[in-house]
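Me: Please take a close look at the charged side chains here. What do they pair with, and what do they hold?

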Amino acid sequence: AKHQGKSSYARFAPEMTEVSHERLQMESHMRKALELGELELHFQPIVETRSGNLVGAEALLRWNNPALGIVMPDRFIPLAEETGLIIPIGEWVINEACKAAQSWQALTGRDISIAVNVSPRQFRDPKFIDIVMHALWSSELRPELLELEITERLILDNSIETAEILKQLDAGGIRLSVDDFGTGYSALSYLKSYPFDSLKIDKSFVQDVLKEAEDASLVRAIIQMAHSLGLDVIAEGVESEDQTHFLKTENCDYSQGYFYSRPMTEQDFIHWLETNER
Ligand code: C2E
Ligand code: CA
Ligand code: CA
Ligand code: CA
């Protein structure tokens, strides 16, 4: 039934069908992922750069599906975002993350903050603030131990609603940080007008800090600018001792990356906590 060689479309058609078939399959698997308990959070430590002491963790989503194996977020979050599934998935993430952080507090007696990634669609959901407040209330986690990571791209849409939501979250005592800082071609003025507490320097800059003089200058400039605006700086993607040394010299407040630890299951994270007691 297929016409061969008639046009260039014919040649590409089977491939496209395969792609959309995989997409549909992913989508239907993903719809059930929540009910079937296939989602898990992994946790990556965030440390104070100066001392190396743990201050918190970032929650990173993994999808463990019998047919697909462990699926990394870059492979399913965009699809979840498109289909709107990110809203229930994101709600689950916030709830689990708050519960986990509260349990670490109970276990260790220490304040360990939890950073949660928020996608644009989720952020714009009219119920978003209620979902966050409910997660705090039901976990009994103190709001200042929850940090929401919002990408620079989302902020750049710069609507009145964005400003209003950020204001309400800030008023609720929740911490707000700019994720992937430096990748959004930003005008920077939003840093002044929105109630952010910290910014995370994108790992693409951190990784070349010792190889490229420009990246070193950029990172140095970002840290200085952030500090002069009263913001903390978190470097992500820290992989080596040399990078740590550079970040210490430049007074970068916090660090996160494979040099300290990869993201871990909650069980491994608790073990890591107990062996890094301070
Ligand atoms: P992100 O928010 O920028 O998260 C940091 C990513 O860098 C994570 O990838 C982490 O595993 C990785 N990473 C950490 N340290 C290092 C390092 O030293 N070197 C290198 N090369 N990479 C490092 P992951 O877990 O694959 O997550 C990818 C992205 O998926 C995240 O990027 C975030 O945008 C998104 N994501 C993850 N979990 C969630 C979630 O619960 N909700 C939403 N909306 N997005 C999520
Ligand atoms: Ca993040
Ligand atoms: Ca704030
Ligand atoms: Ca990032």
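Reply: In this predicted model, Glu-96 and Lys-99 form a salt bridge. Their closest N and O atoms are 3.0 Å apart. Both residues belong to helix H3, which covers residues 86-108. They sit three residues apart in that helix, so about one helical turn separates them. How exposed is each partner? Glu-96 has 27% relative accessibility, so this residue counts as partly exposed. Lys-99 is at 47%, and that also counts as partly exposed. The cut-off for "exposed" is over 50%, so Lys-99, at 47%, does not reach that class.

That pair stays within one helix. Now take a pair that joins two helices. Arg-23 and Glu-82 meet through their side chains in a salt bridge, 2.8 Å from N to O. Arg-23 belongs to helix H1 (residues 8-33) and Glu-82 to helix H2, so this bridge ties together parts that are 59 residues apart in sequence. Glu-82 has a relative accessibility of 52%, which means it counts as exposed. Arg-23 is partly exposed, at 34%.

Stay with H2 for a moment. Helix H2 runs from residue 73 to residue 83. Its buried residues are Pro-73, Phe-76, Leu-79, Ala-80 and Glu-81. Compare two neighbours: Glu-81 is buried, whereas Glu-82 is exposed. After H2 comes Gly-84. The phi angle of Gly-84 is positive, near 85°.

Next, a bridge between strands. Arg-175 pairs with Glu-147 in a salt bridge, with the closest N and O atoms 3.5 Å apart. Arg-175 lies in strand S6 (residues 175-181) and Glu-147 in strand S5, so the pair links parts that are 28 residues apart in sequence. Is Glu-147 buried or exposed? Glu-147 is buried, with a relative accessible area of 9%. Arg-175 is partly exposed, at 25%.

Both partners of this bridge also turn up at a pocket. The second largest pocket is lined by 17 residues, and those nearest its centre are Val-55, Ser-113, Glu-147, Arg-175 and Tyr-254. Five strands each give two or more residues to this lining: S2 (54-65), S4 (113-118), S5 (146-151), S7 and S8 (232-235). The lining has eight charged, six nonpolar and three polar residues. The space in this pocket is about 270 Å³.

The largest pocket has a volume of about 1100 Å³. It is lined by 37 residues, and the closest to its centre are Glu-58, Leu-60, Pro-73, Asp-74 and Asn-117. By class, the lining splits into 15 nonpolar, 12 charged and 10 polar residues. Two of the central names lead elsewhere. Pro-73 is one of the buried residues of H2. Glu-58 joins Glu-149 and Lys-200 in a network of salt bridges. In total, the structure holds 13 salt bridges.

Acidic side chains also hold metal. Look at the calcium ion that is ligand 4. Its protein donors are Asp-179 (OD), Asp-180 (OD) and Glu-236 (OE), with Glu-236 (OE) listed twice. They lie 2.2 to 2.7 Å from the ion. In sequence, the donor residues follow the spacing D-D-x55-E. Asp-179 lies in strand S6, while Glu-236 lies in the loop between S8 and helix H11 (241-249), so the pair ties together parts that are 57 residues apart. Asp-179 counts as buried, at 6% relative accessibility. Glu-236 is buried too, with a relative accessible area of 10%.

Asp-179 has a second partner. The calcium ion that is ligand 2 lies 4.3 Å from ligand 4, and Asp-179 coordinates both.

One more calcium ion is worth a look: ligand 3. Asp-170 (OD) and Asp-197 (OD) coordinate it, with Asp-197 (OD) listed twice, at 2.1 to 2.7 Å. These two residues are 27 apart in the chain: Asp-170 is in helix H7 (residues 160-171), and Asp-197 is in the loop between helix H8 (189-193) and strand S7 (198-201). Is Asp-170 as hidden as the donors above? Asp-170 counts as partly exposed, at 31% relative accessibility, whereas Asp-179 counts as buried.

Methods:
Residues numbered from 1 in each chain as written. Chains lettered and ligands numbered in written order. Predicted model: local features only at pLDDT ≥ 70, side-chain atom pairs only at ≥ 80, totals over all residues. Heavy atoms only, no water. Donors = N, O, S within 2.8 Å, 3.2 Å for Na, K, Ca; no water. Helix = DSSP H or I, 4+ residues; strand = E, 2+ residues; numbered from the N terminus. Buried < 20%, exposed > 50% of the residue type's maximum accessible area, 1.4 Å probe, protein only. 1 Å grid on protein atoms, 1.4 Å probe; cavity = no way out; pocket = protein on both sides within 12 Å on 5 of 7 lines; lining within 4 Å. Points joined across faces, edges and corners; volume = space filled by probe spheres on them. Nonpolar A, V, L, I, M, F, W, Y, C, P; charged D, E, K, R; others polar. Salt bridge = Lys/Arg side-chain N within 4 Å of Asp/Glu carboxyl O.
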